[in-house]
Amino acid sequence: MQHNDTVVILDFGSQYTQLIARRVREAGVYSEIHPCTLSADKLKAIAPKAVILSGGPASVRDVDSPQLDPAVLELGVPVLGICYGMQLLANTLPGGAVASAKEREYGRAELSFSGKSPLWEGIEAAGAHTVWMSHGDHVVSIPDGFEVIARTGSVEAAAMQDASRNIYALQFHPEVAHTEDGVAILNNFLFKIANVGTGWTMASYVESEVAALREKLGDDHVVCALSGGVDSTVVAVLLHKAIGKRLHCIFVDNGVLRLHEGEEVVNYLREHFDLNLKYVQAQDRFLDRLEGVEDPEKKRKIIGHTFIEVFEEEAKAIPGVKWLAQGTLYPDVIESVSFKGGPSVVIKSHHNVGGLPEKMDLKLVEPLRELFKDEVRKVAYELGMPESIIWRHPFPGPGLAIRIIGAITRERLDILRRADKIVQAELLASDWYRKVWQGFAVLLPLKTVGVMGDDRTYENVCALRIVDSLDAMTADWSRVPTDILARISNRIINEVKGINRVVLDISSKPPATIEWE
Ligand code: XMP
């Protein structure tokens, strides 16, 4: 895809690198993350309008610490070093020096400006500025030609600049929300110093991506697996806009979906987009194979293999398909840098339909590989999709199978579906659906005694699992108000035959996981 102006972020391993990229994009500027090992020649080929050096966990004074190709600083492209990026500049350029602080500074600090800078434009008037610090080293001598432009109580050179060469550096993290004027400072770098043009909007993305897909795919046919989540739905709609009926979507009902999920997704797409869409009802094939299986990994394998089998049969029945569409996102494509034992490059890849492209000799088309998740949601809004799809909670490939602990039966699936529907409905009705990462019910292999009217009952226990998370790597149980929990519990026990007790899961991840299996 063609982009007007690009900002390159060189990654030195900071946990905040992706956040820098997102802040730049939020300012309407296209940004890309590259490993810090990128050579100046390769960088030049990208022709960025600005370069940002990220933070990182290493110390520039260590022998094996990641370095910058010094020629990057000779390209004449404006540079902003953040934290490790600042220390690296001081360590690389003549006259600069870095030392270890007595103790690591972590948390908020009060920044005061000690020099004029275009970085401070529009925010000089305020007194002290709260900024977020996280560093062990600091700059004790600034490089030749630089001036100090801000300090904190503990760091004399908290920001520095060489305006004649357009090189700027901050010891604190402007990308972190705790830095009050962080966005203003980053925007000053982008627009006052680097004169970067905006143009990265999701409306322009849709337009240029559709044109690019049309060009790339020519008259070819593409097959796409729809899951009902926002990613695969956006992929399908973008491709449909580009190549119309030459896109063949396949929605496989594997028998472990939520209540009415298949129909809802398929009906929405058929009504709004005139998609070429096959709804494959493969429930029996999946459920017959899952009969009596208790082991979670076995459940996953059976569902994975059966999905590939069904999808392959369906895809093969479409003549002349050359491409498989996937919803790979930008975080899956970024070459993540790890410095434990020297730079190494790990590339994660998506395996929704693992193994299929090679097996079927299909080429991959990934229309979302430049987008972050929040940008996919913006594209979805742009395409006019309803909030029920845009904000749908993540749902695991093995579906309800890993939320029924123990053996799966059609009867237990039916019980869980009805309990789950109540959880979804009450979260939606109370506005908590969008506040939490995921919320669902789990059916336990456990019966307890209850009383209903004058009768003794002996029925199943269901657990509520509602969590907050940013990326599913860590999570905490959501502090949902007790009146909402009470309503969910009352409704499940009264409306779902087969459940007479509801419990709440209050474990965080780690050490627990989000799903129970
Ligand atoms: P855990 O349980 O590992 O879940 O904390 C993290 C996130 O991943 C989802 N999940 C899965 N997704 N196939 C999937 O496609 C799976 O086998 C699977 N297991 C867990 C889970 O819903 C959560 O969002």
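Visitor: By class, which residues make up the shell around the ligand?

Guide: In this predicted model, the shell can be sorted by residue class, and two of the classes, polar and charged, have three residues each. The remaining class, nonpolar, has seven residues. By class, then, the shell is made of seven nonpolar, three polar and three charged residues.

Visitor: Which residues come nearest to the ligand?

Guide: The ligand has 13 residues around it, and five of these are named as coming nearest. They are Arg-300, Gln-438, Lys-509, Ile-514 and Glu-515.

Visitor: How much of the ligand's exposed area does the protein bury, and which contacts go with it?

Guide: Oxygen atoms of the ligand are approached by a polar side-chain atom of Gln-438 at 2.9 Å, by a backbone N or O atom of Ile-514 at 2.7 Å, and by an N or O atom in the side chain of Glu-515 at 2.5 Å. Taken alone, the ligand exposes 490 Å², and the part of that area buried by the protein is 69%.

Visitor: Which element gives the most to the lining of the second largest pocket?

Guide: This pocket, with a volume of about 420 Å³, is lined by 19 residues, and those nearest its centre are Ser-388, Arg-392, Gln-424, Leu-428 and Tyr-433. Two or more lining residues come from each of helix H7 (261–273), helix H13 (387–390) and helix H14 (410–429). With six residues, the element that gives the most is H14.

Visitor: How many residues of that pocket's lining are charged?

Guide: The lining of the second largest pocket divides into three classes, with seven residues nonpolar and three polar. The number of charged residues is nine.

Note on methods. Residues are numbered from 1 along each chain as its sequence is written. This is a predicted model: local features need pLDDT of at least 70, side-chain atom pairs count only at pLDDT 80 or more; totals for chains, interfaces and linings use all residues. Side-chain values use heavy atoms; hydrogens and water are left out. A residue is near a molecule or strand if one of its heavy atoms lies within 4 Å of it. A polar contact is a pair of N or O atoms within 3.5 Å; within protein, one must be able to donate a hydrogen and the other to accept it, and residues adjacent in sequence count only if both atoms are side-chain atoms. Accessible areas come from the Shrake-Rupley method with a 1.4 Å probe; for residues, only the protein chains shown count as cover. Ala, Val, Leu, Ile, Met, Phe, Trp, Tyr, Cys and Pro count as nonpolar, Asp, Glu, Lys and Arg as charged, and the others, Gly among them, as polar. On a 1 Å grid over the protein atoms alone, a cavity is a set of points where a 1.4 Å probe fits but cannot get out, and a pocket is an open set with protein on both sides within 12 Å along at least five of seven lines; lining residues have an atom within 4 Å of a point. Grid points are joined across faces, edges and corners, and a volume is the space filled by probe spheres set on the points. Helices (H or I, at least four residues) and strands (E, at least two) are DSSP runs, numbered from the N terminus.
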